[in-house]
Amino acid sequence: MFQDLIFSVVIVLTREMVRKYYNEQAQFEWRRLVQDAYHKLEFETTLRFLKKYLPSDGLILDAGGGPGRYTIELAKQGYEVILFDFSPASLKKAGRQIRRAKVQDQVKQITEGSITDMGIFKDGSFDAVLCLGGTLGHILDKIHRDQAIDELIRVTKARAPLFVSVIGRLALFKAALESFPEELRHKELYLKILETGNYEGGHGFTATHFFLSEELEAIFQKKSVTILEMVGLEGLASTHRKKLNQLARKYPKIWKNWQEYHYKTCTHPHVVGTSEHFMIICQKS
Ligand SMILES: C[S@@+](CC[C@H](N)C(=O)[O-])C[C@H]1O[C@@H](n2cnc3c(N)ncnc32)[C@H](O)[C@@H]1O
């Protein structure tokens, strides 16, 4: 009983910590996917695979869509979109950007709420559902994370696609080595992340569950969906941000070649598993 209470308090505190983080990061999040060639690779690879599996029209849910990069892009392509997120500041930012992009007629709702409970939407409401950029991983406890996955599947129409991208656990170690090696001195913390995937926040990023690709795949294998594909979004370039940006800036021809190598390798299981972000694409049964 007492343990249940502690558990509930920890869940609420974690959720509020994540919400506060994204309320403060709305501007950064708006820029995140377009700030440089490295981040654009995540954005453009995601868009490429959305294009491959999305129906030609329909209503799309952008769950955990933050300030709305994907919402706006899909609205521009003619889709109707509902943007759903639990950070009011991100949604406010999204509202402004949606008007600026003049796609407000395509964006049917901007709604605040948690992906663990999307009761405001009926079963099978959407022709496609997105939960991108690591949103799912911000639910640290397994039971609620699984509840969120069930919700994402529930609101998806039968035979419609569902796209979920998360942050990779293995790439975190490569990123640390490359960009913040001094952090690796926290051996207990890093061993815990390696073993459980869970990071409670406090070292520069908010609470996150870092996924293994086989873990994400196994979760969806147990659901009533067919897994269509898994994709490493930064792929072989993962964590090599500086080098990739240099390549894109100084050597446009080689950069083009790199993109070709990237798209030829990004679905290789080893590339998926070591990518900074990876996406699972499913079709609801
Ligand atoms: C890294 S951002 C990703 C935004 C966008 N999907 C993208 O790919 O750029 C993560 C987003 O998830 C939202 N989020 C985290 N936990 C959530 C939850 N339980 N329910 C709804 N949104 C959540 C945050 O507010 C934030 O906007």
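**Note on the predicted chain: exposed and buried sites**

1. Arginine 159 counts as exposed, because its relative accessibility is 57% (buried means under 20% relative accessible area, exposed over 50%, partly exposed in between, with a 1.4 Å probe and protein chains only). The residue is found in the loop between helix H6 (142–155) and strand E5 (161–167) (helices are DSSP runs of H or I with at least four residues, strands are runs of E with at least two, and both are numbered from the N terminus). Arginine 159 is not a glycine, yet its phi is positive, at about 70 degrees.

2. The basis of this note is as follows. The model is predicted, so local features need pLDDT of at least 70 and side-chain atom pairs count only at pLDDT 80 or more, while totals for chains, interfaces and linings use all residues. Residues are numbered from 1 along each chain as its sequence is written, and side-chain values use heavy atoms, with hydrogens and water left out.

3. The chain contains 12 helices and 9 strands. Its radius of gyration is 18 Å, close to the 19 Å given by the globule rule for 285 residues, so the chain is as compact as a globular protein of that length (the radius is taken over C-alpha atoms, and the rule is 2.2 Å times the number of residues to the power 0.38). Taken along the principal axes, the box filled by the C-alpha atoms is roughly 50 × 45 × 35 Å.

4. Of the 285 residues in the chain, 53% are buried. The accessible surface comes to about 14,300 Å², and carbon and sulfur atoms account for 54% of that surface (Shrake-Rupley method with a 1.4 Å probe; for residues, only the protein chains shown count as cover). Among contacts between residues at least 6 apart in sequence, 76% join residues at least 24 apart (contact means heavy atoms within 4.5 Å).

5. The chain carries 40 positive and 34 negative charges, and the mean positions of the two sets are 7 Å apart. Lys and Arg count as positive and Asp and Glu as negative, with His and the chain ends not counted; each charge is placed at NZ of Lys, CZ of Arg, CG of Asp or CD of Glu.

6. In strand E1 (residues 59–63), 5 of 5 residues are buried. Leu59, Leu61 and Ala63 lie on one side and Ile60 and Asp62 on the other, so that both faces are covered. E1 runs parallel to strand E2 (residues 80–85), to which 5 bridges join it (two strands pair if DSSP finds at least two bridges between them). Aspartate 62 stands opposite leucine 83 in E2.

7. Threonine 71, in helix H4 (residues 69–76), touches both members of that pair: its contacts include Asp62 and Leu83. Val81, Ile98 and Val107 are also touched by threonine 71, residues up to four places away in sequence not being counted. Threonine 71 counts as buried, because its relative accessibility is 0%.

8. Strand E5 has 7 of its 7 residues buried. One side is formed by Pro161, Phe163, Ser165 and Ile167 and the other by Leu162, Val164 and Val166. Strand E4 (residues 128–131) and E5 run parallel and are joined by 3 bridges; valine 164 in E5 is the bridge partner of cysteine 131.

9. Isoleucine 149 lies in helix H6 and is buried, with a relative accessible area of 1%. Its C-alpha is 9.5 Å from that of cysteine 131, the two residues being 18 apart in sequence. Leaving out residues up to four places away in sequence, isoleucine 149 touches Leu136, Ile219, Phe220 and Lys223.

10. Threonine 239, like arginine 159 in point 1, has a positive phi without being a glycine; the value is near 75 degrees. Is threonine 239 buried or exposed? At 6% relative accessibility, threonine 239 counts as buried. Its place is in the loop between strand E8 (225–232) and helix H10 (241–250).

11. Glutamate 276 is found in the loop between helix H12 (269–273) and strand E9 (277–284) and is partly exposed, with a relative accessible area of 21%. Which residues does glutamate 276 touch, not counting those up to four places away in sequence? They are Tyr38, Val166, Ile167, Gly168, Ala171, Glu234, Ser238 and Thr239. Serine 238 and glutamate 276 are 38 residues apart in sequence, with their C-alpha atoms 5.5 Å apart in space.
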